Amino acid sequence: MTDTFQPQTSTAPRLGADLERAFASLELAAGVIDGEGELVWANKAVTDLVGLRAGDSFLEVLPDELHEAGRARVARTLRGLPASMHRLELRRRDGRRIQVLLRSSPVHRGDTVVGVLGMVFPLRTLHVCRPDHCQPLTPRQEQVLRLLAEGHDTEQIAERLGVALETARNHIRGLLARLEVHSRLGAVIEGLRRGVLSLDELGD
């Protein structure tokens, strides 16, 4: 059955003051959309990256050919499915397109999903730092971290590395253990925090 884009509640999701303050201070772009696809909260990084502000539709930054897929993905998240991470192309106000890694997860009020939290990592200049400037990772772990940050799933990572699926899983587990995190998103964030990954934007 085709996903439909239906609001789950007429009440816009709200973040608690402490949580909102934490997201507002992030250098990474973060925002919350409601069941109708309207941005109800965004930090400054969202506006700086793609020009969206509270009250805008998230569809404004999606190329026209991605609108249907975007609606379907939000609809799945609004049904309470687990958080997901994928690579996506966004359109800026000036019409330019940028590749990003989007992490989206449901926002709950009690047992009801009332919105979607998204964190956006621009990928234009993503690279692994030189080992002498970073926490030590093996060359293979650097490869795996880069592929995770680009939004690849386990099967895609196995294919890119030319290894068996279980071997790819073991590489991912080893990376998470080395970074002392428990999730793929955690690995990307920890890689950024430690300076192993860079997401610096190039000048225009």
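In this predicted model, L145 touches several residues that lie more than four places away in sequence: L137, L175, L179, A187, V188, G191, V196 and L197. L145 also belongs to the largest nonpolar core, which has 30 residues. Those with the most contacts inside this core are F121, L145, L148, I157, L175, L179 and A187. Two or more core residues come from each of the strands β1 (29–34), β4 (97–109) and β5 (112–122), and from each of the helices α4 (139–149), α5 (154–161), α6 (165–179) and α7 (184–194). Another core lies apart from this one; it has 22 residues, including A45, V50, L88 and V120. In soluble globular proteins, nonpolar side chains tend to be buried together.

The model has six salt bridges. Three of them are listed here.

| Salt bridge | Closest N and O atoms |
|---|---|
| D48 and K44 | 2.7 Å |
| R97 and E65 | 2.9 Å |
| E89 and R97 | 3.0 Å |

D48 and K44 both sit in helix α2 (residues 44–50), and because they are four residues apart there, about one helical turn separates them. K44 is exposed, with a relative accessible area of 60%.

The bridge between R97 and E65 links distant parts of the chain, 32 residues apart: R97 is in strand β4, while E65 is in the loop between α2 and α3 (67–78). R97 is partly exposed at 41% relative accessibility, and E65 is exposed at 52%. E89 is partly exposed, with a relative accessible area of 24%. Salt bridges link E65, E89 and R97 in a network.

Key
Residues numbered from 1 in each chain as written. Predicted model: local features only at pLDDT ≥ 70, side-chain atom pairs only at ≥ 80, totals over all residues. Heavy atoms only, no water. Core = buried A, V, L, I, M, F, W, Y, C linked by side-chain atoms within 4.5 Å. Buried < 20%, exposed > 50% of the residue type's maximum accessible area, 1.4 Å probe, protein only. Contact = heavy atoms within 4.5 Å. Salt bridge = Lys/Arg side-chain N within 4 Å of Asp/Glu carboxyl O.
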